[in-house]
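Biologist: I'd like a close look at one part of this model, the nonpolar core, and then whatever connects to it. Could you walk me through it in one go?

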Amino acid sequence: MPYSIAKIKDNLDSKIGQHVVIRAQAGRKKVIKRNGTLKQTFRAVFIVDLDEHKSTYERVSYSYADLLTKNVELSFDND
């Protein structure tokens with residue numbers, strides 16, 4: 001059964017506050033891996049606060065469409 005953006009958002013709503021590992025496509029053969037905590041979900045995007053001292057950014061946001069198209073993959077500690 002294919003996922004929908006609404007199901008993806010509902011799934012992430014239940015995981016707010018959990019540690020997450022993000023793998024995001026950054027080009028043809030480049031993948032960026034980041035660690036952080038799922039902070040908030042909104043209608044079209046979700047926000048991850050990144051771990052301190054491991055990144056130049058404090059937080060990043062991605063759209064649910066990025067997860068649907070597999071441009072971004074999330075792994076939670078308890079999964």
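Of the 15 residues in the largest nonpolar core, which touch the most other members?

Modeller: Sure, and keep in mind that this is a predicted model. The residues that touch the most other members of that 15-residue core are Leu12, Ile22, Phe46, Val48 and Tyr62. As for where the core draws its residues from, two or more come from each of H1, strand S1 (19–25), S3, strand S4 (59–63), helix H2 (64–68) and strand S5 (72–76). As general background, nonpolar side chains in soluble globular proteins tend to be buried together.

Let's start with Leu12. Setting aside neighbours within four places in sequence, Leu12 is in contact with Leu38, Thr41, Phe46, Tyr64, Leu67, Leu74 and Phe76. Two names on that list are good to follow up: Phe46, another of the residues touching the most other core members, and Tyr64, which lies in helix H2.

Tyr64 counts as buried because its relative accessibility is 1%, under the 20% cut-off. Not counting residues up to four places away in sequence, Tyr64 touches Ile5, Ile8, Lys9, Leu12, Thr41, Phe42, Arg43, Ala44, Val45 and Phe46. For a sense of distance, try Gly36: it is 28 residues from Tyr64 along the chain, and their C-alpha atoms are separated by 17 Å.

One of the contacts of Tyr64 is Lys9, and that takes us to a charged pair. Lys9 and Asp13 meet through their side chains in a salt bridge, 3.0 Å from N to O. The two are 4 residues apart in helix H1, so about one helical turn separates them. Both sit in the middle range of accessibility: Asp13 counts as partly exposed because it has 30% relative accessibility, and Lys9 is partly exposed too, at 22%.

By the rule used here there are 2 salt bridges. The other pair to look at is Asp49 with Arg59, whose closest N and O atoms are 3.2 Å apart. Asp49 lies in strand S3 and Arg59 in strand S4, so this pair ties together parts that are 10 residues apart in sequence. The side chains of Asp49 and Arg59 are also joined by a polar contact of 3.2 Å. Arg59 counts as exposed because its relative accessibility is 51%. In general, side chains of opposite charge can pair when their charged atoms come close.

Arg59 has company around Asp49: leaving out residues up to four places away in sequence, Asp49 touches Gly36, Thr37, Lys39, Glu58 and Arg59. Next along in strand S3 (residues 45–50) comes Leu50, which counts as buried because its relative accessibility is 9%. Lys39, one of the contacts of Asp49, is 11 residues from Leu50 along the chain, with 9.6 Å between their C-alpha atoms.

Finally, flip to the outside. Tyr3, Ile5 and Leu68 form a nonpolar patch on the surface, and together they have about 310 Å² of accessible area. Tyr3 is in the segment before helix H1 (5–13), and it counts as exposed because its relative accessibility is 62%. Ile5 is the link back inside, since it belongs to this surface patch and is also among the residues that buried Tyr64 touches.

How values were computed: Residues are numbered from 1 along each chain as its sequence is written. This is a predicted model: local features need pLDDT of at least 70, side-chain atom pairs count only at pLDDT 80 or more; totals for chains, interfaces and linings use all residues. Side-chain values use heavy atoms; hydrogens and water are left out. Buried means under 20% relative accessible area, exposed over 50%, partly exposed in between (1.4 Å probe, protein chains only). Patches are made of residues with over 30% relative accessible area and no salt bridge: like charges are joined within 9 Å, nonpolar side chains (Val, Leu, Ile, Met, Phe, Trp, Tyr) within 5 Å. Accessible areas come from the Shrake-Rupley method with a 1.4 Å probe; for residues, only the protein chains shown count as cover. A salt bridge is a side-chain nitrogen of Lys or Arg within 4 Å of a carboxyl oxygen of Asp or Glu. A nonpolar core is a set of buried Ala, Val, Leu, Ile, Met, Phe, Trp, Tyr and Cys residues joined through side-chain atoms within 4.5 Å. Contact means heavy atoms within 4.5 Å. A polar contact is a pair of N or O atoms within 3.5 Å; within protein, one must be able to donate a hydrogen and the other to accept it, and residues adjacent in sequence count only if both atoms are side-chain atoms.
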